[in-house]
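The following exercises concern a predicted model. Please examine the sequence and the structure before working through each solution.

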Amino acid sequence: MLALEPLIVARLQQHFAALGPAVKLDAKGWSDEGDRKVLPNRVAVLVRFAGTPQGAVTKVAAAITTGWAIELRAKRGAKAAELLDSAFAEVLQALHEWVPAPVAGRKWSHLAYQNTDPADLIDDGVFGLSMYFQTAAIYPGKR
């Protein structure tokens with residue numbers, strides 16, 4: 001399930017690249033190496049695993065639902081709210097109802113937008129939103 005992170009990041013990066021150089025969005029996975037600093041007049045888009053809510057479980061399989069937090073972070077300033085609004089719309093367009101390719105032979109359902117909250121653990125001078133998406137796959141049990 002964690003192997004979905006690079007697929008989600010790649011989807012966002014492809015979507016952002018197609019928008020052209022005027023778009024100021026930088027997508028990165030939580031497990032990626034490197035700096036996560038937010039640059040002025042840009043939005044950092046961070047993809048991270050957000051847990052597995054209770055799913056359907058039987059003797060033969062479990063439907064594992066995974067949550068993904070897409071954090072949008074911007075430096076405070078005159079254009080910050082506008083940048084976050086624009087980033088929100090682009091992330092929603094890129095991910096809602098998108099079906100990731102199978103990972104390790106496991107098929108996942110479409111990503112479905114669930115909600116948005118203020119982002120937690122934001123450094124001084126930075127604020128943002130945390131968008132929450134879910135997808136699911138079947139994991140077989142003991143045979």
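**Exercise 1.** Determine which residue stands opposite Ser130 in strand 5, and establish whether Ser130 is buried or exposed.

*Solution.*
Step 1. The residue opposite Ser130 in strand 5 is Asp117.
Step 2. Strand 4, residues 112–118, runs antiparallel to strand 5, and six bridges join the two.
Step 3. Strand 5 is also paired with strand 3: these two run antiparallel and are joined by 15 bridges. One pair to locate here is Ala61, which stands opposite Pro140 in strand 5.
Step 4. Beyond its neighbours within four places in sequence, Ser130 has contacts that include Ala69, Ile70 and Glu71, as well as Asn115, Thr116 and Asp117.
Step 5. The relative accessible area of Ser130 is 14%, so the residue is buried, the cut-off being under 20%.

**Exercise 2.** Identify the salt bridges of the structure and state which residues salt bridges with shared partners join into one network.

*Solution.*
Step 1. There are three salt bridges in the structure.
Step 2. Arg42 pairs with Asp26, with 2.7 Å between the closest N and O atoms. This pair links distant parts of the chain, 16 residues apart: Asp26 lies in strand 1, and Arg42 in the loop between strand 1 and strand 2.
Step 3. Arg42 is partly exposed at 23% relative accessibility, and Asp26 is partly exposed at 32%.
Step 4. Arg48 and Glu71 form a salt bridge, at 2.7 Å from N to O. Arg48 belongs to strand 2 and Glu71 to strand 3, 23 residues apart.
Step 5. Glu71 also forms a salt bridge with Arg73, the closest N and O atoms again being 2.7 Å apart.
Step 6. Shared partners therefore join Arg48, Glu71 and Arg73 into one network.
Step 7. Within this network, Glu71 is buried at 3% and Arg73 is buried at 9%, whereas Arg48 is partly exposed at 24%.

**Exercise 3.** Compare the expected span of helix 2 with the distance between its end C-alpha atoms, and explain why its buried residues line one face.

*Solution.*
Step 1. Helix 2 comprises 16 residues, 80–95; at 1.5 Å a residue it should span 22 Å, and its end C-alpha atoms are 22 Å apart, which agrees.
Step 2. Its buried residues include Ala80, Leu83, Leu84 and Ala87.
Step 3. Viewed down the helix axis, the buried residues fall within an arc of 130 degrees, so they line one face of helix 2.
Step 4. On the other side of helix 2, Glu82, Asp85 and Gln93 are exposed.
Step 5. The cover over the buried residues of helix 2 includes helix 1, strand 1, strand 2, strand 3 and strand 5.

How values were computed:
Residues numbered from 1 in each chain as written. Predicted model: local features only at pLDDT ≥ 70, side-chain atom pairs only at ≥ 80, totals over all residues. Heavy atoms only, no water. Helix = DSSP H or I, 4+ residues; strand = E, 2+ residues; numbered from the N terminus. Expected span 1.5 Å × (residues − 1). Buried < 20%, exposed > 50% of the residue type's maximum accessible area, 1.4 Å probe, protein only. Arc of directions from axis to C-beta. Contact = heavy atoms within 4.5 Å. Pairing = 2+ DSSP bridges. Salt bridge = Lys/Arg side-chain N within 4 Å of Asp/Glu carboxyl O.
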